[in-house]
Amino acid sequence: MEEDRRSRGHPLLRSKKRQQGGGGYSHGFSQSQIQSLAVICQTLLPPPPETKAEEKAVDTFEVASGSQPPFTDEVAEVIVKNGRSEAVNIFKIILAILSYRFGTLFLCGSLCLDKNWPFVLKFSELPLDKREEILRMWSRQSGVFLPLRVTFFLAKFYTLFSFFSQRDENMKNPALEAIGYSIDTTETSKDDESPRPLEKGIIETKNESDVTISQSLTQKGVHVAREDNDNIHRIRCDVVIIGSGSGGGVAAATLAKAGLKVLVLEKGNYFTARDYSGLEGPSMLELYEKGAFMTTVDGKFMVLAGSTVGGGTAVNWSASIRTPDHVLQEWSEESKIEFFGSQEYQSAMDEVTRRLGVTERCVKEGLQNQILREGCERLGLKVVSVPRNSPEDHYCGSCGYGCREGGKNGTDKTWLVDAVENGAVILTGVKAERFVFTDNNERKKKKRCVGVIASSVGGKIEKKFMIEARVTVSSAGSLLTPPLMRASGLENRNIGRNLKLHPVLMTWGYFPENGSEFSGKMYEGGIITSVHHVHDAESGCRAILETPLAGPASYAGLSPWVSGADLKERMMKYGRTSHLFALVRDYGSGEVLKENEVTYRTSKKDRENLRVGLRQALRVLVAAGAVEVGTYRSDGQGIKCEGTTREAMEEFLDSVDAVGGVSTRGEYWTTYFSAHQMGSCRMGLTAEEGAVDEKGESWEAEGLFVCDGSVLPSAVGVNPMITIQSTAYCISTRIVASLTESKN
C-alpha cells in the first residue's frame, strides 16, 4: 500500500475505476434522457479517424463512443453532482424533449426535417454535420431560448472534462497519449516526509469514530469534557480557528507561539508531496471547493478556491507578490485602516516572505513564461520576474494539483508546522456550522462569541462538536466566512457584500515545435514566473498579464467548441498552445450571502480594462511568433498570423472585446475565471463601513475575529497571498496583545 501510494499518489487523488454495466449511479436520468445525452456526447467528441495513417496517430479519440454507456452515465453523474440545480433541471427537461420527433422539431427547427417519411427525424437519427450545426445554434441562443445555450454549455464542459480526465485502472487515458500529454506518476518529492510535517498535531476524523475521537484529542492535549450529553463532543481550548489556509495558518502559528492552546478545524483532507498524483481530474475534485466546479449563480465565472489542509496555498501557483504601495496608501487613507500604511504592516510582509522562503528569480522558465517574456521584450514592454514561495530552480508545472516536488512552501509546510510545534491541533474533515453566542451584558457589543458548533464530513463520527474557546477566528475564506457568520445570526450589512474576484479572461497562441526558439510544453515549468503590467498614461495599471495552469481536461471543457474536428485539431496542438490571461483589479463587486450562492456583476470599467488586457496579451503572443492566436469567445474567435497583413491584424484586435458570460443576451459569450476572492467581510472604521473593525473583530460579537482575504477593504490587483498572510499576521498579533492586556 505504501509503495502504491508513493508511485501513484493517495487513493483520493487517483481516478476511480469505471463502474461496469452502468449500475450504481444516482443521477436520476431516465433511459431516454441518457440516450439523448449519449448522442450529444458523440457529437461533441472528435469524430472517428478517416484514414489509416490518422487512425494510427489518433485512433484513441474514439474511446468514449456512445457504445460505452458507463461514460454517458458518468457524465450525467458529474453534471447532477456539480451543476447548479436549476440548470440541471432545465438540462433534464431538454434531454427528455429531445427523445421525441416533435420535441426535436421544437428544439432544432428545420434542421431535423427530411424528405422521406416520417419527415421529422429524432436528434439521434440526424447525421453528424446536422447535429453539430444544432449545437452551434444552441450556443448562440439567448433570451427565452437561453436554456438551449445552458444545455450546450453543461453538456460541452462536463463531457469534454470527463473524457480528458478519465483514467483506467492503470492510470492511463489513450486520448491523452494521443495528444502527447504525459506526466511522471512515479514519486518526485525530494522530501522523505516520514513522519509527515504535521503528524504531531493532525487528527484525521475520517479515521476516527465517536469512541476514539475523544481519546485522540486528549492524547494531543485538548480538553474534552466528560458529560452526560450523548449527542455532542464538548471540547475546550483557548482559540478555535476555522480554516487552515493563508489566514488560518498564520493565525494558528502566531497564537500557538504565544502559549495559547489552538484548535484548527479544516473540512478538507491532509496531503503531503508524496500523496499528490498530478492527475488533473481527481486532484481538482479533492483539493478544491465544489471540486473546482463552483460557478457564480449566472454561470459567468468559474471560481477556484482551495479546500484542503493549507487551503489555497496548497494549490496556488506560488506567486508571492507584496502588496503594492498605491493599494496600501488607498486602504490607509481612503478606507482609513491606518495599519496598512504603518511600519507594522511592512514588518509583517517581511516576516511572511521570510517564513515562506520567497525567492526573487527563476533559474529556468517554462514555455508559457518564455513566450510572455520574449513577446514583451520584442514590443519594448516591461516584464518582471514574479517572486515565489519556492526555490529558484522550482520547475513544477502541476502545483495547482498539489506540489509533487515538495518545493512550494504553503501553510501546510510552514505556519501550520510552527503551530503544531507549539501544541496546536488540526482536525481535518470537520465543517463549522455556526458560531455560538451569549449575551454580552453591559458591554459595547451585545453578543460574545464563545465557540463554534461543527460536524464531521465524510467520516464515521455522527455526534456534533461543540468547541468552547476564549477566541474564535474565522479563516474560512471570502466565500465561506460570510455565509457562516450570517447562518449564525449576525446581521451587519457588509457581511457577504463587496466581494471582489479579480476577473480573468484568457487568450492563446499556437507555437509549433519545429523550428521554434521556445522549448518545452505548456504544462511544464513554474506556472507563474513573469508578469507584465498593462499601463497607460491616463488610467495607470489597466490589467496584468500572467500565465495559467491549464490541464487538458480544463482546456477541452472551457475552450470554444465549434465542431468535433476542430476540437481534435485543438487538442493535437495542446502541448504547444501557450496561454496568457488578463487579470484586472475589479471595481465591480458581488455577494455571497449563502454558501455556494455567489453573484457578481462586472463594472463597465472592468470590462474596458479586460478588453485592453486581452488585446495586449494577443499582441504579445503575435510578437513572440505565434502562428495562430485567439480568445475563449464561444465562436472560436481567432486568426492565423502567417500571411496576415498589419491592417488585418489590427482589424482582428479591434474585434476583441470582453463579451458577457453564458447567460448574456449577446450571440457570443465566454467564461470568466476567478482564483482570488477578497473583501466580503471588509474592515471598516465603523460598522456602517465594514463587517469587522481594524483589529479584525466583528462589530457585533466580542471574541469573534475574521482572519482571511474577506477582510481586505478592496481588491489588491495582484496575486493576494502575501497580502492575506501579512494582514492575518497583524490581526493575530493584535489578538495576542489584547489577550495579554486583559489577563494583566
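Let me begin with a hairpin: strand 15 (residues 589-594) and strand 16 (residues 597-601) pair in the antiparallel sense over five bridges. Two strands count as paired here if DSSP finds at least two bridges between them. Helices (H or I, at least four residues) and strands (E, at least two) are DSSP runs, numbered from the N terminus. Within this pair, Gly-590 has Tyr-600 in strand 16 as its bridge partner. Two residues lie between the strands of the hairpin, and Asn-596 takes a positive phi near 65 degrees.

I should state the basis of the model. It is predicted, so that local features need pLDDT of at least 70 and side-chain atom pairs count only at pLDDT 80 or more, while totals for chains, interfaces and linings use all residues. Residues are numbered from 1 along each chain as its sequence is written, and side-chain values use heavy atoms, with hydrogens and water left out.

I turn to the backbone. Most residues other than glycine have a negative phi, and most peptide bonds are trans. Lys-290 is not a glycine, and its phi is positive, near 55 degrees. Lys-290 is found in the loop between helix 12 (280-287) and strand 5 (301-303), and it is partly exposed at 31% relative accessible area. On this scale buried means under 20% relative accessible area, exposed over 50%, and partly exposed in between (1.4 Å probe, protein chains only). Ser-318, also not a glycine, has a positive phi of about 80 degrees. Ser-318 lies in the loop between strand 5 and helix 13 and is buried, at 2%. A cis peptide bond joins Trp-117 and Pro-118, with omega about 10 degrees; Pro-118 sits in the loop between helix 6 (101-108) and helix 7.

Next, helix packing. How do the axes of helix 2 and helix 7 cross? The axes of helix 2 (residues 31-44) and helix 7 (residues 128-140) come within 10 Å and cross at roughly 95 degrees. These axes are lines fitted to C-alpha atoms, for helices over the stretch in contact, and angles run from 0 to 180 degrees between N-to-C directions. The two helices are therefore roughly perpendicular to each other, a term for angles of 65 to 115 degrees; under 35 counts as roughly parallel, over 145 as roughly antiparallel and the rest as oblique. Val-39, Ile-40, Gln-42, Thr-43 and Leu-44 in helix 2 meet Leu-128, Arg-131, Glu-132, Leu-135 and Trp-138 in helix 7, where contact means heavy atoms within 4.5 Å.

Trp-138 also appears in the surroundings of Thr-151. Thr-151 lies in helix 8 (residues 146-165) and is buried, with a relative accessible area of 1%. Leaving aside neighbours within four places in sequence, Thr-151 is in contact with Ile-90, Phe-91, Ile-94 and Trp-138.

In helix 13 (residues 325-333), Val-327, Leu-328, Trp-331 and Ser-332 are buried. Seen down the helix axis, these buried residues fall within an arc of 125 degrees, so they line one face of helix 13; the arc is that of the directions from the helix axis to the C-beta atoms. They pack against helix 14 (343-355) and helix 22 (721-743). The face turned away from the buried side carries the exposed residues Asp-325 and Glu-333.

Finally, Met-506 lies in strand 11 and is buried, at 10%. Not counting residues up to four places away in sequence, Met-506 touches eight residues, among them Pro-548, His-579 and Phe-673.
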